[in-house]
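Visitor: I'm new to looking at proteins, and a whole chain is a lot to take in. Could you pick a single part, look at it closely with me, and then show me how it fits with the rest?

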Amino acid sequence: MRLGRLKRSRRLWPFVVMLSLAACATPAPVTTGISEPTITAQDRRACPGGVVPAARIEFASRAPSYDNATPLTQLSNDAGLTVGRVALGVTEVKLSLSAQYRIRHAPALTEGVCAYPDDIVLRLSYAVRIVHVAREFANEPCLHAAILAHEMRHVALDDKLIPREITAFDTGLPARVGNGAGFWGADAAAADRRVDQVVTTAGAVLVKTLDDVRQREQVRQIDMPDEQPRIAAACGGRLNQLIGVAR
Ligand SMILES: [Zn+2]
């Protein structure tokens with residue numbers, strides 16, 4: 001296989017997940033479908049099989065920062081809560097994903113060019129990781145501690161879940177980018193676009209997988225139906241006296 005090596009760097013989109021005491025209680029199922037790239041009959045006909053590509057995921061975790069200055073109404077709005085529901089605290093997470101990879105070229109068995117992805121690195125990091133406790137609790141040490149403790153359970157869950165899911169996804173990553181199959185294009189640029197799409201889709205599926213698992217496990221493990229009443233009852237029922245919204 002003739003090797004034309006070129007290095008590409010491409011930035012994929014970030015996504016945001018807002019978590020809050022109230023919002024977490026009603027999980028919204030993710031319905032956005034991501035169509036997997038397919039290896040076409042033309043690819044199989046035109047492109048000899050290559051080697052299984054090197055592919056890995058790098059995750060740069062970091063500790064959250066803390067915000068105690070945002071008013072409850074703003075936190076609730078930012079969390080997308082409907083009227084009458086409030087976010088006492090929010091663990092704001094914005095994961096950023098970028099991809100870097102090389103493309104090898106080989107002449108197609110027909111006309112055109114075959115492109116093979118290799119040395120693929122998906123880099124995941126926290127663009128934003130902020131634990132908010134609403135400003136109304138700044139002078140309420142007991143409630144502040146209760147809300148903060150709740151939010152820190154979200155932080156701890158992410159610290160456990162995200163690396164675990166990445167490890168599982170990492171194993172299947174070569175298969176998601178064709179397992180060594182070549183992607184055909186009429187010319188090198190067209191073949192490269194096929195590879196771009198394949199890598200982009202792999203990144204999108206990773207992000208969606210993380211999003212789905214986080215939403216599911218947060219509700220299952222932390223934002224259970226009795227969690228908000230528990231906080232409302234804590235600190236001598238102080239929450240009701242203070243903001244009169246807890247049920
Ligand atoms: Zn929560």
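Guide: Happy to! Let's start with a term we'll need: two strands are said to pair if DSSP, which assigns helices and strands, finds at least two bridges between them. Keep in mind that this is a predicted model. The chain averages a pLDDT of 84, and 82% of its residues score at least 70. One stretch where the pLDDT is below 50 is residues 10-32.

First, the setting. The protein chain has five helices and seven strands, and along the sequence they follow the pattern β-β-α-β-β-α-β-β-α-β-α-α. The part I'd like to look at is β6, which covers residues 113-133.

Start with its partner β5, residues 89-107. These two strands pair in the antiparallel sense over 18 bridges. For a place to rest your eyes, find Glu 92, which stands opposite Ile 130 in β6. Together β5 and β6 form a hairpin with five residues between the strands, and there Gly 112 takes a positive phi near 100 degrees.

Next, turn to β3, residues 55-60. Here the strands run parallel, and six bridges join β3 to β6. Arg 56 is a handy landmark, standing opposite Val 121 in β6. β4, residues 65-67, also runs parallel to β6 and is joined to it by three bridges. In that pairing, Asp 67 has His 132 of β6 as its bridge partner.

One more partner to find: β7, residues 183-185. It runs antiparallel to β6, with three bridges between them. Look at Val 113, whose bridge partner in β7 is Gly 185.

Now let's leave the backbone pairing and ask what β6 packs with. In soluble globular proteins, nonpolar side chains tend to be buried together. In this chain, the largest nonpolar core has 31 residues, and those with the most contacts inside it are Cys 114, Ala 115, Leu 122, Phe 183 and Val 199. β6 gives two or more residues to this core, and so do β3, β5, β7 and the helix α4, residues 188-221. The largest share, eight residues, comes from α4.

Ala 115 is a good residue for seeing how these pieces meet. Beyond its neighbours within four places in sequence, Ala 115 is in contact with Ile 103 and His 105, with Gly 182, Phe 183 and Gly 185, and with Ala 191, Asp 192, Arg 194 and Val 195. Away from this core there is a second, separate one of 16 residues, which includes Leu 72, Ala 79, Leu 81 and Ala 146.

Ala 146 brings us to the helix α3, where it is one of the buried residues, along with others including Leu 143, Ile 147 and His 150. The helix has 36 residues, from 141 to 176, and spans 49 Å from its first C-alpha to its last, close to the 52 Å expected. Follow it along and you'll come to a kink of about 35 degrees at Asp 170, shortly before the proline Pro 174.

Finally, step back to the whole chain. Among contacts between residues at least 6 apart in sequence, 83% join residues at least 24 apart. Buried residues make up 32% of the 247 residues.

How values were computed:
Residues numbered from 1 in each chain as written. Predicted model: local features only at pLDDT ≥ 70, side-chain atom pairs only at ≥ 80, totals over all residues. Core = buried A, V, L, I, M, F, W, Y, C linked by C-beta atoms within 7 Å. Buried ≥ 20, exposed ≤ 12 C-beta atoms within 10 Å, placed from the backbone. Helix = DSSP H or I, 4+ residues; strand = E, 2+ residues; numbered from the N terminus. Contact = placed C-beta atoms within 7 Å. pLDDT = per-residue confidence, 0-100. Expected span 1.5 Å × (residues − 1). Bend = angle between axes of the 7 residues up to and from the residue.
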